[in-house]
Amino acid sequence: MVDAPETEEGWFALHDFRTVDWDAWRDAPERDREAAIEDAAAFQTHREALARSDAGDSAVFSVTGSKADLLFVHFRERLDELDRIQRSFEQTEFAAYTERAHSYVSVSEVSGYVSDEYFTNPEAVDDGLKNYIEGKLTPEIPEDTYVSFYPMSKRRRPGQNWYDLDFEERADLMAGHGDVGREYAGKIKQVIASSVGLDDWEWGVTLFGDDPTDIKDIVYEMRFDDASSKYGEFGDFYVGRRFPPADFDAFLAGEEVPTPDDETAHDHRRGESAHGHDDRSDDADEAGEESLRDELADLDVYAGKPHGEDVYAVGLYSDADLDDLESEVADLAESFDHYDTHVETTVYEPTNEGAAAVVSLWDTQSAADTAAGFLNDLPGITSKVAESEDGWGTMGMFYTVKPEHRDDFVEKFDAVGDALAGIDGHRQTRLLQDTDDENAFFIDSRWDSQDAATDFFRSDAFRDTVQWGRDVLADRPRHVFLA
């Protein structure tokens, strides 16, 4: 008997596919349809908020094609939770207008193919790989993304029996398979869940991506890999697009989902956007930010859109020992470097007092979101740079100073900080230095409101500071507005 690789299991998964009885829906009284929509939205909102659950994730997708209309995906720690969720849906008013088209039960899994050492000598495995494995076991569903789900098994035929191969040969085949997948890092997030003994096939594969052609391309390329071409068997494929629970009415009305940012027709009854904000105030805020960006551009200061500009940033504070933090971040950054979308991950120490910061930059929002899960596991994490309750502010990056002016820059910042302390609406502005480059700085500035911050950005004092900076900065300063 050949050796079977060891496995470790994480969260259980339920893929629940539903078709809508459109004739019954059209014939139903309007009040019944409204009640069903509210019930469906409430059900999914509670699932995504993890009501009555300690951990997991949930999402709903509009399915394209004739196999189903809706896909509900749920990840939970216990199989019993999935059972309860399935039965809870049947209690909703909306369930009466649907039928289950298909379902799939599985459990997220990593095996010795990923790292045999993880099972035989776990203490020797670097933290970056451990974080990667934990991310596979406790998957999160990306926002605003396409999904493709399919089941698969390994072939068992004379001359093509996967389970007759020795471990080393199977490991080599899986390594080649993984090389193809790594080419899509930052584009595709993959969840592999075992269904051996749980459902009809051996694995359920879920692919998430912002571009459906990336999903097609990764499956296409992997078909040419020996692990698939010789030993892969595949079931039906399902493809869909995620939408928020608030868009159930738009979905059932045949409108675009997720609803475009400027689309509010399906919320006209409430006079609100899908996020519950007054549309006019949202438009005013966006217009104000765009105007401010234009003004800063005139000063040769790049001001990016919320949470991203030409890169996407994740920022976290840590009160861990600085040497320990640097060591952990170095290991994590080494793992991140396997992905083409990784720009850099840096530790910044305060020039005065307070916690250190870890800032990770990526080419795509989805890659930054994925990285955030690993970064949250770093030691001593106390808060995000952009906590929503912290008012409004900017994250200043790429403040690289000419070496001969470094001391002048720090001294000038202290003077500006003293001046800011007397401005109404200012909370705190911190200067932190790259631990690997004493001439590179990161600035976090917090305000009570956007108006308070923009008043300062439009002040003569700020313009004078920018003008002074032209002589001491080696690069163009850049900011990210943080809501």
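The following questions and answers concern a predicted model of one protein chain.

Visitor: How many helices and strands are there in the chain, and what percentage of its residues count as buried?

Guide: The secondary structure of the predicted model consists of 15 helices and 20 strands. The chain has 483 residues. The share of these that count as buried is 47%.

Visitor: Among contacts between residues at least 6 apart in sequence, what percentage join residues at least 24 apart?

Guide: The contacts considered here are those between residues at least 6 apart in sequence. Among these, the share that join residues at least 24 apart is 74%.

Visitor: Is the aromatic pair of Trp25 and Tyr97 stacked or edge-to-face?

Guide: A pair of aromatic rings is described by the distance of the centres and the angle of the planes. The model holds 26 aromatic pairs. For Trp25 and Tyr97 the centres are 5.1 Å apart and the planes stand at 85 degrees. Since an angle over 60 degrees is the criterion, the pair of Trp25 and Tyr97 is edge-to-face.

Visitor: How many residues apart in sequence are the parts that Trp25 and Tyr97 tie together?

Guide: Both Trp25 and Tyr97 are buried. Trp25 belongs to helix α1 (residues 22-27), whereas Tyr97 lies in the loop between α3 (79-90) and β4 (98-111). The pair therefore ties together parts whose separation in sequence is 72 residues.

Visitor: Is the aromatic pair of Tyr150 and Phe237 stacked or edge-to-face?

Guide: Tyr150 is in strand β5 (residues 146-154) and Phe237 is in the loop between β10 (232-234) and β11 (238-243), 87 residues apart. Their ring centres are separated by 4.3 Å, with 20 degrees between the planes. Because planes under 30 degrees apart meet the criterion, the pair of Tyr150 and Phe237 is stacked.

Visitor: Which of Tyr150 and Phe237 is buried, and which is partly exposed?

Guide: The relative accessibility of Tyr150 is 6%, so Tyr150 counts as buried. Phe237 has a relative accessible area of 26%. That value lies between the limits of 20% and 50%, so Phe237 is partly exposed.

Visitor: Over which ring does the charged end of Arg223 sit?

Guide: Two placements of a charge over a ring may be described. The charged end of Lys67 sits over the ring of Tyr238, at 5.4 Å from its centre. For Arg223, the charged end is 4.3 Å from the centre of the ring over which it sits, that of Phe234.

Visitor: Which element gives the most to the largest nonpolar core?

Guide: In soluble globular proteins, nonpolar side chains tend to be buried together. The largest nonpolar core has 22 residues, and those touching the most other members are Trp25, Leu70, Phe94, Phe243, Phe248, Phe251 and Leu252. At least two residues each come from α2 (30-48), β3 (70-76), α3 and α9 (248-252). With five residues, the element that gives the most is α2.

Visitor: How many residues make up the other core, which includes Trp11 and Phe208?

Guide: This other core lies apart from the largest one. Its members include Trp11, Val63, Ile141 and Phe208. The number of residues in this core is 18.

Visitor: How many bridges join β2 to β3, and how many join β2 to β11?

Guide: Eight of the nine residues of strand β2 (residues 56-64) are buried, so β2 is largely enclosed by the rest of the structure. β2 and β3 form a hairpin with five residues between them, and Gly65 in the turn has a positive phi of about 110 degrees. β2 is antiparallel to β3, with Gly56 bridged to Arg76, and antiparallel to β11, with Ser62 bridged to Arg241. The bridges number seven between β2 and β3, and between β2 and β11 five.

Visitor: Which backbone nitrogen does the side chain of Glu202 reach?

Guide: Glu202 is found in the loop between β8 (188-194) and β9 (203-209). The relative accessible area of Glu202 is 10%, so Glu202 is buried. Residues that Glu202 touches include Tyr104, Met152, Arg156 and Tyr163. At 2.8 Å, its side chain reaches the backbone nitrogen of Lys154.

Visitor: What distance separates the C-alpha atoms of His338 and Arg182?

Guide: His338 is in the loop between α11 (322-336) and β14 (342-350), and its relative accessibility of 52% means that His338 counts as exposed. Arg182 and His338 are 156 residues apart along the chain. Their C-alpha atoms are separated by 7.6 Å.

Key: Residues numbered from 1 in each chain as written. Predicted model: local features only at pLDDT ≥ 70, side-chain atom pairs only at ≥ 80, totals over all residues. Heavy atoms only, no water. Phe/Tyr/Trp six-rings, centres within 6.5 Å; stacked < 30°, edge-to-face > 60°. Helix = DSSP H or I, 4+ residues; strand = E, 2+ residues; numbered from the N terminus. Buried < 20%, exposed > 50% of the residue type's maximum accessible area, 1.4 Å probe, protein only. Lys NZ or Arg CZ within 6 Å of the ring centre and 35° of its normal. Core = buried A, V, L, I, M, F, W, Y, C linked by side-chain atoms within 4.5 Å. Pairing = 2+ DSSP bridges. Polar contact = N/O pair within 3.5 Å; in protein donor to acceptor, adjacent residues only side chain to side chain. Contact = heavy atoms within 4.5 Å. Lists of a residue's contacts leave out its neighbours within four places in sequence.
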